[in-house]
Amino acid sequence: MTSIIEVEDFSFRYRNASSAALRHLSFEVERGSFFCIVGANGSGKSTLCNALVGLIPHYFVGRSGGGIRVKGNQVADTSIPELSKHIGLVFQNPFNQLSYTAGTVAEELAYGLGNHGVPRELMEEKVRQVAALMHLESVIDKNPLELSGGQVQRVAFGSTFIMEPDILVLDECTAQLDPLGSEEIFDIVKRLNDRGITVVMVDHDMERVARCADQVMVLDGGRLVAIGSPQEVLSDPRTMDHGVDLPDFAKLSLALQAEGYPVDRIHTTEEPTVSMVKELLS
Amino acid sequence: MAKLCVADGSGNFLDRMNPLVKILGIFSFGLGALIWPDFSLGLVLLLVLFLLAAVAGILPSFSKLILGFGLPVSIMLLFIQGCYSPKNRVIIASWGFLHLGLEGTLYAAKIVSTLLVFLGAFYIVNKTTYTGRLVAALSGIGLPAKIGYLVLASLNVVPQMEHRIKVIRQAQSARGLETGGGLISRIKAYLPLLGPVVLSSLTDSQERGMTLETRGFGIKGVRQSSYVKVDWRKSDQLACWLLLVFFLLVLLASILSRTGIYPFTYDWGGGR
């Protein structure tokens, strides 16, 4: 596997901030992998997302060190619109993801394609496909401002995904959705990942992270404190010291272990935990 | 909630007309009324605009605008120019110390009619043109994408602010702020809205700017395309020629009238 994102000793301090938001981060994201970033509020997750898509250093002013390469392009030397060919970001607040120039959802979805000069016929086809995928057909001719928060979230996600970037960065992009809607979006993300798109996702749902991620990175105070497979990171009780909750399945395994049951492995997902409990009961 | 756009290009002929032709129409009508020696062409064009407003189905709001704006402005200009213009020679009416002069009255009528033609034409274009189509049409003839965005974003700012005010007002009234009642209490209720509305607009514009760039806005070396389809039909070609011919004829007739070669306008008497 080759790396599609390479972060080397990257640090960033916002202008006028008393401390650095990111400190000496070094890691790589493999092409086609599902990479999750977890951490407490203020740990630097969103700042890292902004750095990956080039908003840092091109948009946010501050002092940075080290470097980030996305698909071989040095982020600091490449403009954000150029980077948008390779990497797309879905923000936390979907309302700020709208262009506010589109009169309909279809136009909103097509906005990024227009910026990249995609021919109109192809745009129409892609808009149709994405609207179907995101269940937006019934509101395709509506004004985006008339939609509910969840629908706007879908539009925001569709607007990024329609540009077919190699890498999707999702910064708590399901925050506005109910659990079912959130799972629906997540299924789409998973399908995109299965099709080879690299996904970098910030999420607080640890069960989901444990289930889907290939790699998990824990940030605390802007520092990388743990990185590895979900099994390695989310089964370690020390992860909780950094303000990150463990999946309920891991907590169950740990509780059983503490009670003296012969648990030789801390499981982080449902299936092995159920098998383990069945075994213990028998 | 207010809609961002009115027409989608699928209604009457004005909705379907290419936005560039409509812009040409504003200038052709407005400048025609302006260069014509008196107010008569302005009045005729105003009648045409009423007819177009009826066709577009916006006659009530159009009439409200023209009367609501036109009447007060006409009265004010008639009073100022009619009674106090230094050009006044022929007095057509006197009320004690007030003398209404013909020259000033004609001048006021011309200014008002020209103003109303421009205003009315712009209103009809605005109401029958979807902003996205307008910008797509302008981009098609080389308008830079950044200027196009400025036009669209500026035209869409009002509904956005309405949306934001609604959200903040709901949040404030949920926490006990009185937002109803008489005029004074309503004014009092709106004052606390100003800070959050302005500040949140500023922070949102920052995030929105970021979003636009991550969606490829401002990319260099790429000719932008648009999802909005803007056709140039034969009828647009014809309308374009008619408007140009109309303007050139008005220009020619105005020159002939003003130079005295052939008077196309009625002689109202007095000097000009």
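## Chains A and B: spans, domains and contact

The span 41-59 of chain B is 89% helix and 0% strand, with its end C-alpha atoms 21 Å apart. Helices (H or I, at least four residues) and strands (E, at least two) are DSSP runs, numbered from the N terminus. The model is predicted: local features need pLDDT of at least 70, side-chain atom pairs count only at pLDDT 80 or more, and totals for chains, interfaces and linings use all residues. Residues are numbered from 1 along each chain as its sequence is written, and chains are lettered from A and ligands numbered from 1 in the order in which they are written.

An unreviewed UniProt entry annotates "transmembrane region" at residues 20-36, 41-59, 65-84, 105-125 and 238-256 of chain B; such annotations may be inferred rather than shown by experiment. Two of these spans are listed below.

| Span of chain B | Helix | Strand | End C-alpha separation |
|---|---|---|---|
| Residues 20-36 | 94% | 0% | 24 Å |
| Residues 41-59 | 89% | 0% | 21 Å |

Chain A is assigned domain 1 (1-86 + 168-179 + 196-230) and domain 2 (92-164), with bounds from an automatic or database domain assignment. Their centres, taken over C-alpha atoms, are separated by 25 Å. Each of the two domains gives nine residues to their contact, where residues count as in contact if their C-beta atoms, placed from the backbone, lie within 7 Å.

The contact between the chains takes 35 residues from chain A and 35 residues from chain B. On the chain A side, two or more residues come from each of helix 3 (80-83), strand 6 (87-90), helix 4 (105-115) and helix 5 (120-133). Helix 4 of chain A gives the largest share, seven residues.
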